[in-house]
Amino acid sequence: MSADDWLVTVAETAARFPALPAEQFLYRLQHGTMKAGLYAPRGTDPQGPHKRDELYVVWRGAGTFFRDGERKPFGPGDVIFVPAHMEHRFEDFSDDFATWVIFWGPEDGEKS
């Protein structure tokens, strides 16, 4: 990532993905506390709570999102917010699932 990276395309990002059999994640943009990348787990989603607030923008695929004891269906174009330190994961998602993820703010999240 360089200072010149301010426009990132899905096609370019997908082409850079490593050929991993399970989890796939690639950061593409970073500025200050903000980090953005494409996340495409395979089979199961092994992630746990994070130190910063995060936002998912679903690019493709569908499934169920688990967040703090609650489950909701998701699909392309949906936006999902998860506060710092909250348990969450993607479940029962399609094989083509991929989402942009954006982390930002201080550790422990922003306070409302």
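What follows is a chat between a student and a tutor about a predicted model of one protein chain.

Student: How many helices and strands are there in the chain?

Tutor: The chain of this predicted model has 1 helix and 8 strands, and their order from the N terminus on is α-β-β-β-β-β-β-β-β.

Student: And what radius of gyration does the chain have, next to that of a compact globule?

Tutor: The chain has a radius of gyration of 14 Å, which agrees with the value near 13 Å that a compact globule of 112 residues would have. If you draw a box along the principal axes, the C-alpha atoms fill roughly 40 × 35 × 25 Å.

Student: What percentage of the residues in the chain are buried?

Tutor: Buried residues make up 36% of the 112 residues. As for contacts, if you take those with a separation of 6 or more, 56% of them are between residues 24 or more positions apart.

Student: Let's move to pockets. What volume does the largest pocket have?

Tutor: The volume of the largest pocket is about 200 Å³, and 14 residues line it, with F25, Y27, H50, E54 and F103 lying nearest its centre.

Student: Which strands each supply at least two residues of that lining?

Tutor: You can find them at strand 1 (25-31), strand 2 (34-39), strand 3 (53-60) and strand 8 (98-104), each of which supplies at least two residues of the lining. Sorted by class, the lining of this largest pocket holds 6 nonpolar, 3 polar and 5 charged residues.

Student: Ok, and which residues line the second largest pocket?

Tutor: The second largest pocket, with about 160 Å³ of space, is lined by F65, R67, E70, R71, K72, P73, F74, D78 and I80. Two elements, strand 4 (63-67) and strand 5 (70-74), give two or more residues to this lining, and the largest share, 5 residues, comes from strand 5.

Student: How many of its lining residues are nonpolar, polar or charged?

Tutor: In the second largest pocket the lining has 4 nonpolar and 5 charged residues, and no polar ones.

Student: R71 is in that list, so where in the chain is its place?

Tutor: R71 sits in strand 5, and when its neighbours within four places in sequence are left aside, R71 is in contact with T64, F65, F66, R89 and E91. With E91 there is also a side-chain polar contact, at 2.7 Å.

Student: Is R71 buried, partly exposed or exposed?

Tutor: R71 has a relative accessible area of 47%, so it counts as partly exposed, since that class lies between the 20% limit for buried and the 50% limit for exposed.

Student: What distance separates the C-alpha atoms of R71 and D95?

Tutor: Those C-alpha atoms are 19 Å apart, and the two residues are separated by 24 residues along the chain.

Student: Different arginine now: is R28 buried or exposed?

Tutor: R28, which belongs to strand 1, counts as buried because its relative accessibility is 4%. The side chain of R28 also makes a polar contact of 2.6 Å with the side chain of T13.

Student: Last one, where does Q24 lie?

Tutor: Q24 lies in the loop between helix 1 (10-16) and strand 1, and Q24 is buried, its relative accessible area being 11%. The C-alpha atoms of Q24 and R42 are separated by 7.4 Å, with the two residues 18 residues apart along the chain.

Definitions and conventions. Residues numbered from 1 in each chain as written. Predicted model: local features only at pLDDT ≥ 70, side-chain atom pairs only at ≥ 80, totals over all residues. Heavy atoms only, no water. 1 Å grid on protein atoms, 1.4 Å probe; cavity = no way out; pocket = protein on both sides within 12 Å on 5 of 7 lines; lining within 4 Å. Points joined across faces, edges and corners; volume = space filled by probe spheres on them. Helix = DSSP H or I, 4+ residues; strand = E, 2+ residues; numbered from the N terminus. Nonpolar A, V, L, I, M, F, W, Y, C, P; charged D, E, K, R; others polar. Buried < 20%, exposed > 50% of the residue type's maximum accessible area, 1.4 Å probe, protein only. Contact = heavy atoms within 4.5 Å. Polar contact = N/O pair within 3.5 Å; in protein donor to acceptor, adjacent residues only side chain to side chain. Rg over C-alpha atoms; globule rule 2.2 N^0.38 Å.
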